[in-house]
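Student: I would like a close look at one part of this model, the sheet. Please describe how its strands are arranged and what packs against them.

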Amino acid sequence: MSVNPELQGRSYAATAPYLVGREKVREFARAVLATSPLHHDVAAAQDAGYPDLVAPPTFGVVVQEHALARLLGDPDAGIDFARVVHGDQRFAFSRPIVAGDELSATLTVTSVKTLGGHTMITADTLVEDAVGAHVVTATSSLVVRGEE
């Protein structure tokens, strides 16, 4: 199985809305050892001017994962998940993610490159809130190892 080079430019429909919960923010913060009170204490977050708990910056992967699953599950993509290595991850924020946000994600494959026997797929996932305002763009690069 080889990666379909025609993936470049392909977009997948927006995911169903994901409601960011307080306990999910706290759990994620504990998992990444983020100790700021903004992630754990609603009063501290509100005193700092936020409407609710503030998710750690990498929380965007939770929402992005739903969109990425569509790419990885696309039978036309030719991606063997057993051969995938996560190569890079970046975020570009318009604002922080906070508890109570209802977020949807739309993934677009921006690049497909063959490097030796491997393929690097780069995708941008635009995460928007319930009114369609941009929250974060998560950019991932996946390396699909070639056959041995």
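Tutor: What follows goes through the sheet strand by strand, then turns to the helix across it, the core and a nearby loop. The model is predicted.

Five strands make up an open sheet, ordered S1-S3-S4-S5-S2, with antiparallel pairing. S1 (18–19) and S2 stand at the edges with a single partner strand each, so one side of each has no neighbour in the sheet. In general, the strands of a sheet pair through backbone hydrogen bonds, either parallel or antiparallel.

Take S3 and S4 to begin with. These two strands run antiparallel and are joined by eleven bridges. Two of the facing positions can be named: Ala-105 stands opposite Val-127 in S4, and Val-109 stands opposite Ala-123 in S4. S3 and S4 form a hairpin with two residues between the strands, where Gly-116 has a positive phi near 65 degrees.

S4 is also joined to S5, by ten bridges, and this pair again runs antiparallel. Asp-124 stands opposite Thr-139 in S5, while Glu-128 stands opposite His-134 in S5. The hairpin of S4 and S5 has five residues between the strands, and Gly-132 in its turn takes a positive phi of about 85 degrees.

On to S5 and S2 (residues 84–93), which pair in the antiparallel sense over nine bridges. Here Arg-90 has Thr-139 in S5 as its bridge partner. Thr-139 thus appears twice, as it also faces Asp-124. S5 is mostly covered, with nine of its eleven residues buried.

Next, what packs against the sheet. Helix H3 lies across S1, S2, S3, S4 and S5, and runs at about 55 degrees to S3. The largest nonpolar core has 32 residues, and those that touch the most other members are Leu-7, Phe-59, Leu-71, Ile-79, Ile-97, Leu-107 and Ile-121. At least two residues of this core come from each of H1, H3, S3 (102–115), S4 (118–128) and S5 (134–144). In soluble globular proteins, nonpolar side chains tend to be buried together.

Two of these core residues can be followed further. Ile-97, leaving aside its neighbours within four places in sequence, is in contact with Val-20, Leu-53, Val-54, Ala-55, Phe-59, Gly-60, Leu-103, Val-135 and Val-136. Phe-59 belongs to an aromatic pair, and the structure holds two such pairs. The ring centres of Phe-28 and Phe-59 are 5.2 Å apart with the planes at 80 degrees, so this pair is edge-to-face. The pair links distant parts of the chain, 31 residues apart: Phe-28 is in helix H1 (residues 22–31), and Phe-59 is in the loop between helix H2 (42–47) and helix H3 (60–73). Phe-28 and Phe-59 are both buried.

Last, the loop between H3 and S2, where Arg-83 lies. Arg-83 has a relative accessible area of 15% and is buried, since the cut-off for that term is under 20%. Leaving aside neighbours within four places in sequence, the contacts of Arg-83 are with Val-143, Val-144, Arg-145, Gly-146, Glu-147 and Glu-148. Of these, Val-143 and Val-144 fall within S5 (134–144).

How values were computed. Residues numbered from 1 in each chain as written. Predicted model: local features only at pLDDT ≥ 70, side-chain atom pairs only at ≥ 80, totals over all residues. Heavy atoms only, no water. Phe/Tyr/Trp six-rings, centres within 6.5 Å; stacked < 30°, edge-to-face > 60°. Helix = DSSP H or I, 4+ residues; strand = E, 2+ residues; numbered from the N terminus. Buried < 20%, exposed > 50% of the residue type's maximum accessible area, 1.4 Å probe, protein only. Core = buried A, V, L, I, M, F, W, Y, C linked by side-chain atoms within 4.5 Å. Contact = heavy atoms within 4.5 Å. Pairing = 2+ DSSP bridges. Axes fitted to C-alpha atoms, helices over the stretch in contact; angles between N-to-C directions.
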